[in-house]
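Student: I have a structure open here and don't know it yet. Can you walk me through some of it?
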Amino acid sequence: MRANLFCYRDPGDAWVADLRRDPAATLRATMPRLPAACPDLAVAGPLEIRPIDLVRTEEVERDGLVVIGDAFQTACPIPGTGVGKLLTDVDRLANVHVPAWLATPGMSRDKIAAFYGDPVKKACDAESLRLSHYARSLAVESGAVWRARRLRNRVARTAAYAARGGWKAVASVVQALMLAGG
């Protein structure tokens, strides 16, 4: 099985060094319930650690060239907007822009600019970027509002789990609520 772990850690953080040195032990220490879900956890190969950077390609309006998806603007993988962004770009190209482009000769910068100025594309890119920043803030911000949002999400996840798992899981929801209040 392959696992992808997304987290917001500085590459120089001691936790990252521990993860490189002993991934299984570090993951078990970080996620105490992991052994119950993966009792035979073993890391079979080298880790690939990469930063999550949010970047946008500049000066893309060029004759005859279109850059789409993550090649145009990356998204954080945590909110899961990357594929939707790509599909929106492809949909707008296939159903709006390419037919209009082919109706007249040439593939000028102005035609390409129409794609990047497409309101549906722009809204999708903006929402993806907003959700990327939100996901990071939800994970790392320390203010009361962010702590309350994390608690809300934890309770909602536990309730969803309880709904799938019956009464025994409901007890864990009650316990989570009691711990949150105390």
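Tutor: We can take a helix pair, then a glutamine, then the cysteines; note that the model is predicted.

Student: At what angle do the axes of α6 and α7 cross?

Tutor: The axes of α6, residues 119–140, and α7, residues 144–165, cross at roughly 95 degrees and come within 8 Å. Angles of 65 to 115 degrees count as roughly perpendicular, so α6 and α7 are roughly perpendicular to each other.

Student: Which residues make the contact?

Tutor: From α6 there are Tyr134, Ser137, Leu138, Ala139 and Val140, and from α7 there are Trp146, Arg149, Arg150, Arg152 and Asn153. By class, the contact has five nonpolar, three charged and two polar residues.

Student: Switching topic. Where does Gln73 lie?

Tutor: Gln73 is in the loop between α3 (34–37) and α4 (82–102).

Student: Is Gln73 buried or exposed?

Tutor: Gln73 counts as buried, because its relative accessibility is 3% and the cut-off for buried is under 20%.

Student: What does Gln73 touch?

Tutor: Leaving out residues up to four places away in sequence, Gln73 touches Val55, Arg56, Lys85, Asp125 and Leu129. With Asp125, a polar atom of the Gln73 side chain lies 2.9 Å from the backbone oxygen.

Student: Now the cysteines. How many disulfides does the structure hold?

Tutor: Zero. Cys7 is in no disulfide, and its nearest cysteine sulfur, that of Cys76, is 11 Å away. Cys76 is in no disulfide either.

Student: And are Cys7 and Cys76 buried or exposed?

Tutor: Cys7 is partly exposed, with a relative accessible area of 32%. Cys76 counts as buried, at 2% relative accessibility.

Note on methods: Residues are numbered from 1 along each chain as its sequence is written. This is a predicted model: local features need pLDDT of at least 70, side-chain atom pairs count only at pLDDT 80 or more; totals for chains, interfaces and linings use all residues. Side-chain values use heavy atoms; hydrogens and water are left out. Axes are lines fitted to C-alpha atoms, for helices over the stretch in contact, and angles run from 0 to 180 degrees between N-to-C directions. Helices (H or I, at least four residues) and strands (E, at least two) are DSSP runs, numbered from the N terminus. Angles under 35 degrees count as roughly parallel, over 145 as roughly antiparallel, 65 to 115 as roughly perpendicular and the rest as oblique. Contact means heavy atoms within 4.5 Å. Ala, Val, Leu, Ile, Met, Phe, Trp, Tyr, Cys and Pro count as nonpolar, Asp, Glu, Lys and Arg as charged, and the others, Gly among them, as polar. Buried means under 20% relative accessible area, exposed over 50%, partly exposed in between (1.4 Å probe, protein chains only). A polar contact is a pair of N or O atoms within 3.5 Å; within protein, one must be able to donate a hydrogen and the other to accept it, and residues adjacent in sequence count only if both atoms are side-chain atoms. A disulfide is a pair of cysteine sulfur atoms within 2.5 Å.
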